[in-house]
Amino acid sequence: MPIAFDEFHANVAQASCAFVADVFTAIAREILNGRNAATSDGVERALGRAATSFAEFARRSAETGMWHAVA
């Protein structure tokens, strides 16, 4: 459930300090300003292939066993 920026700021400030709350709130406002609400074709134009969701990336990577080698 979304919370208001003022509430977010107050909670972060309480957990850390006002400066950290200011920075995190500014970042949140920038990221959540609506311009990222729609997808675009940037990946396809840059890489010449369709974008992959994180879920698909994780599934494919898990199938290779690459994470077991590290653990």
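Here is a short conversation about a predicted model, covering helix H2, a surface patch and serine 61.

Reader: Why is serine 61 called buried?

Author: Happy to explain! Buried means under 20% relative accessible area. Serine 61 has a relative accessibility of 6%, so it counts as buried. This serine lies in helix H4, residues 54–64.

Reader: Which residues does serine 61 touch, leaving out those up to four places away in sequence?

Author: Serine 61 touches Met66 and Trp67.

Reader: And why is phenylalanine 24 called partly exposed?

Author: Partly exposed lies between the cut-offs of 20% and 50%. The relative accessible area of phenylalanine 24 is 46%, so partly exposed is the right term. You will find phenylalanine 24 in helix H2, residues 18–31. It also belongs to a nonpolar surface patch with Phe19, Val23, Ile27, Ile31 and Leu32, and together these six residues have about 620 Å² of accessible area.

Reader: How do you know that the length of H2 agrees with what it should span?

Author: At 1.5 Å a residue, the 14 residues of H2 should span 20 Å. The C-alpha atoms at its ends are 20 Å apart, so the two values agree.

Reader: What about the buried residues of H2: which are they, and what covers them?

Author: Ala21, Thr25 and Ala28 are buried in H2. They cover an arc of only 60° around the axis, so they sit on the same side of H2. In general, an α-helix has 3.6 residues a turn, so residues three or four places apart point the same way. As for the cover over the buried residues of H2, it includes helix H1, residues 5–15.

How values were computed
Residues are numbered from 1 along each chain as its sequence is written. This is a predicted model: local features need pLDDT of at least 70, side-chain atom pairs count only at pLDDT 80 or more; totals for chains, interfaces and linings use all residues. Side-chain values use heavy atoms; hydrogens and water are left out. Helices (H or I, at least four residues) and strands (E, at least two) are DSSP runs, numbered from the N terminus. Buried means under 20% relative accessible area, exposed over 50%, partly exposed in between (1.4 Å probe, protein chains only). Contact means heavy atoms within 4.5 Å. Patches are made of residues with over 30% relative accessible area and no salt bridge: like charges are joined within 9 Å, nonpolar side chains (Val, Leu, Ile, Met, Phe, Trp, Tyr) within 5 Å. Accessible areas come from the Shrake-Rupley method with a 1.4 Å probe; for residues, only the protein chains shown count as cover. A salt bridge is a side-chain nitrogen of Lys or Arg within 4 Å of a carboxyl oxygen of Asp or Glu. The expected span of a helix is 1.5 Å times one less than its number of residues. The arc is that of the directions from the helix axis to the C-beta atoms.
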